[in-house]
Amino acid sequence: MPTVAPLDLDGHCIAAAFLSDIPHFALADGTVHRLDNGHKHVAAHDGLLCATVTDKADRMITGGEDGKVVAVSPAGEIEVLAEIGRKWVSSVAAGPQGAVAFASGRTAYVRFADGRTKELQHPRTAEGVAFSPKGMRIGVARYNGATLHFPAADGKPVELEWAGAHTGITFSPDGAFVVTTMQENALHGWKIADGKHMRMTGYPGKVKSLSWSAKGRWLASSGAPAAIVWPFQGKDGPMGKAPLELGTRGNTMVTAVSCHPADDFVAIGYADGMVMAARFADQKEVLLRRQGKGAITSLAWDRGGRRVVFGSETGDCGVIDVSA
């Protein structure tokens, strides 16, 4: 039976993650807490809006209401990577070779490892940023679609159009597809090679959490009373194929998903604080945590796939040992 080590914090957890296998919790008040031989914390921002973890899981990159982009080390050291004055940094992404992307208003920024920063202007608000796994390429979610940039070169960006407000963005692990979350209850995707559209609709709520499976064969999503998991095995992604519906609970919405780092199953967090795991192959479910206080806002696995860290909108956080 999985065991839960709870951590009761005061405030909304924006992101829960492992840095060098140490559980970290980034809260909206700007503090980043960690469980490292006891409970420790560090002040990263005056108001924290977004957070992500580098590919090596050796730093957490955060953006805040104070116009700063900050890197937090596993030891709690703070490095300010960028300051843009009195603007809110609403989205961050960690990329290859130490690069970081972030968005504020209509501008997306790329900070290269040597400290150079490039600004990428857009006609409307840059809502979300993500790096492609292939090369130095970033995607920006915007109104009526997404824009793909090669920030190290001066070439023309690729415009991917689809009517509506696009709020978040992710690339498939093989770099072949890009998928956005939308203000309406839907995802939209494009096959980058030919611009072919992928409509992923039918959600009763907004999709706020996405997670690719280890080999990129599946994309799990929140926004329904089950984890909606789209198949991406074929050359055209999920077109013409039905998604899996895992961990269905008729009366409670899924609010967070996180795919296991090696195997085809997913951790699922719900609006009532419950956490389950479900396997893709046979849809078998395991209860990881009973209901708690507040909706689960973030889930993440450690590198060994043995522990899940979770955070909630009320600060009801903790670590689940699945191997126990």
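# A guided reading of an all-strand predicted chain

D21 lies in the loop that joins β2 (13-19) to β3 (22-27). In this predicted model, the residue has a positive phi of about 65° although it is not a glycine. Its relative accessible area is 30%, so D21 is partly exposed. A second non-glycine residue with a positive phi is N144, at about 70°. N144 is placed in strand β15, and with a relative accessible area of 29% N144 is likewise partly exposed.

The setting for these residues is a chain with 0 helices and 30 strands. The C-alpha atoms occupy a box of roughly 55 × 50 × 30 Å along the principal axes. For 324 residues, a compact globule would have a radius of gyration near 20 Å, and the 18 Å of the chain agrees with that expectation. Of the 324 residues, 55% are buried. Among contacts between residues at least 6 apart in sequence, 39% join residues at least 24 apart.

The loop positions offer a closer view of the interior. A99 is located in the loop between β10 (91-94) and β11 (100-104). Its relative accessible area is 2%, which is under the 20% limit, and A99 is therefore buried. Leaving out residues up to four places away in sequence, A99 touches A93, A94, R111, F112, A113, F131 and M136. A126, by contrast, is separated from A99 by 27 residues in sequence and by 18 Å in space, C-alpha to C-alpha.

F112, one of the residues touched by A99, also takes part in an arrangement of charge and ring. The charged end of R116 sits over the ring of F112, at 4.4 Å from the ring centre. In another such arrangement, R124 lies over the face of Y143, 4.2 Å from the centre of the ring.

S132 occupies the loop between β14 (128-131) and β15 (138-149). A relative accessibility of 5% means that S132 counts as buried. The S132 side chain reaches the backbone nitrogen of K134 at 3.1 Å. Apart from neighbours within four places in sequence, S132 is in contact with R137, F171 and G175.

Attention now turns to the aromatic residues, for which the count comes to 5 pairs. In one of them, the ring centres of F177 and F232 are 5.2 Å apart and the planes meet at 75°; because this angle is over 60 degrees, the pair is edge-to-face. The two partners come from distant parts of the chain, 55 residues apart: F177 belongs to strand β17 (residues 177-182), whereas F232 is in the loop between β22 (227-231) and β23 (244-246). F177 is buried, its relative accessible area being 4%, and F232 is buried at 5%.

W218 and F280 form a further aromatic pair, this one tilted, with 5.4 Å from centre to centre and 55° between the planes. This pair also links distant parts of the chain, 62 residues apart, with W218 in strand β21 (residues 218-221) and F280 in the loop between β26 (275-279) and β27 (285-289). W218 counts as buried at 13% relative accessibility, and F280 is buried with a relative accessible area of 4%. Ring pairs also connect F177 and F232 with W212, and the three residues form a cluster.

F177 leads on to K191, since the two are in contact. K191 is part of strand β18 (residues 187-191). Although K191 is a lysine, its relative accessibility is 16%, so K191 counts as buried. Beyond F177, and not counting residues up to four places away in sequence, K191 touches A176, K196, M198, K235 and D236. P225 is 34 residues from K191 in sequence, and the C-alpha atoms of the two are 28 Å apart.

Towards the end of the chain, the unreviewed UniProt entry annotates residues 261-323 as "domain: Anaphase-promoting complex subunit 4-like WD40". In the model, this span is 0% helix and 54% strand, and its end C-alpha atoms lie 14 Å apart. F280, described above as buried, has its loop between β26 (275-279) and β27 (285-289).

Key. Residues are numbered from 1 along each chain as its sequence is written. This is a predicted model: local features need pLDDT of at least 70, side-chain atom pairs count only at pLDDT 80 or more; totals for chains, interfaces and linings use all residues. Side-chain values use heavy atoms; hydrogens and water are left out. Helices (H or I, at least four residues) and strands (E, at least two) are DSSP runs, numbered from the N terminus. Buried means under 20% relative accessible area, exposed over 50%, partly exposed in between (1.4 Å probe, protein chains only). A polar contact is a pair of N or O atoms within 3.5 Å; within protein, one must be able to donate a hydrogen and the other to accept it, and residues adjacent in sequence count only if both atoms are side-chain atoms. Contact means heavy atoms within 4.5 Å. UniProt positions are given in the numbering used here, feature names are shortened, and annotations may be inferred rather than shown by experiment. Rings of Phe, Tyr and Trp (its six-membered ring) pair if their centres lie within 6.5 Å; planes under 30 degrees apart count as stacked, over 60 as edge-to-face and the rest as tilted. A charge sits over a ring if NZ of Lys or CZ of Arg is within 6 Å of the ring centre and within 35 degrees of the ring normal. The radius of gyration is taken over C-alpha atoms; the globule rule is 2.2 Å times the number of residues to the power 0.38.
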